Amino acid sequence: MFEDFGITDQVDIVSNTTTAPAMSTVLAADECDAIIVWKENVNADQGEIVDCPEMENYIKTIPAARLTCSADAEAADAFAQFLDSQTAWDIWTSYGYELAG
């Protein structure tokens with residue numbers, strides 16, 4: 001992304017963590033000035049989420065899939081049904097995630 005925006009030579013990358021929550025921890029510990037991470041991984045008391053329409057191209061959609069080789073097809077079917085329910089959607093949105101249309 002830094003390369004896409006032409007700012008690679010203007011930023012000092014001091015950390016690459018393996019998870020978004022780990023990056024948020026670095027921000028909360030005041031070990032950096034800014035992070036690029038999904039907004040769902042930043043609490044309001046940890047930092048400010050900057051609205052940046054140019055970043056829309058970097059949003060990821062994370063799909064769910066059911067394996068055809070499941071040892072318990074009935075449980076796999078039930079879980080797939082649950083993922084497509086209002087209850088599951090409410091859980092996702094309660095953690096700040098947006099549902100894909």
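Here are four short exercises, with worked solutions, on the predicted model shown above.

**Exercise 1. Fold and overall dimensions**

Task: Work out which elements the chain contains, and set its radius of gyration beside that of a compact globule.

Solution:
- Start with the elements: the chain has three helices and zero strands. Read from the N terminus, their order is α-α-α.
- Next, take the radius of gyration. The chain has 18 Å, whereas a compact globule of 101 residues would be near 13 Å.
- Then look at the C-alpha trace, which spans about 55 × 30 × 25 Å along the principal axes.
- Finally, turn to burial and contacts. Of the 101 residues, 13% count as buried. Take the contacts between residues at least 6 apart in sequence: 26% of them join residues at least 24 apart.

**Exercise 2. The largest nonpolar core**

Task: Find the residues that make up the largest nonpolar core, then list the contacts of I35 beyond its sequence neighbours.

Solution:
- The core has six residues: M23, V26, L27, C32, I35 and V42.
- Now set aside the neighbours of I35 within four places in sequence. What remains in contact with I35 is M23, S24, L27 and V42.
- Cross-check the two lists: M23, L27 and V42 are core members and also contacts of I35.

**Exercise 3. A nonpolar patch on the surface**

Task: Locate the nonpolar surface patch and decide whether Y95 is buried or exposed.

Solution:
- Begin with the whole surface: the accessible area of the chain is about 8,500 Å², and carbon and sulfur atoms hold 53% of that.
- The patch consists of F79, F82, I91, W92, Y95, Y97 and L99, which together have about 730 Å² of accessible area. Helix 2 (73–83) and helix 3 (86–94) are the elements that each give two or more residues to this patch.
- Y95 itself sits in the segment after helix 3. Its relative accessible area is 60%, and the cut-off for exposed is over 50%, so Y95 is exposed.

**Exercise 4. The salt bridge**

Task: Identify the partners of the salt bridge, place them along the chain, and classify their exposure.

Solution:
- A search of the whole structure gives one salt bridge. Its partners are the side chains of R66 and D77, at 2.7 Å from N to O.
- R66 lies in the loop between helix 1 (20–28) and helix 2, while D77 belongs to helix 2, and the two are eleven residues apart.
- Why can such a pair form? Side chains of opposite charge can pair when their charged atoms come close.
- For exposure, R66 has a relative accessible area of 33% and is partly exposed. D77, at 41%, also counts as partly exposed.

Conventions
Residues are numbered from 1 along each chain as its sequence is written. This is a predicted model: local features need pLDDT of at least 70, side-chain atom pairs count only at pLDDT 80 or more; totals for chains, interfaces and linings use all residues. Side-chain values use heavy atoms; hydrogens and water are left out. Helices (H or I, at least four residues) and strands (E, at least two) are DSSP runs, numbered from the N terminus. The radius of gyration is taken over C-alpha atoms; the globule rule is 2.2 Å times the number of residues to the power 0.38. Buried means under 20% relative accessible area, exposed over 50%, partly exposed in between (1.4 Å probe, protein chains only). Contact means heavy atoms within 4.5 Å. Accessible areas come from the Shrake-Rupley method with a 1.4 Å probe; for residues, only the protein chains shown count as cover. Patches are made of residues with over 30% relative accessible area and no salt bridge: like charges are joined within 9 Å, nonpolar side chains (Val, Leu, Ile, Met, Phe, Trp, Tyr) within 5 Å. A salt bridge is a side-chain nitrogen of Lys or Arg within 4 Å of a carboxyl oxygen of Asp or Glu. A nonpolar core is a set of buried Ala, Val, Leu, Ile, Met, Phe, Trp, Tyr and Cys residues joined through side-chain atoms within 4.5 Å.
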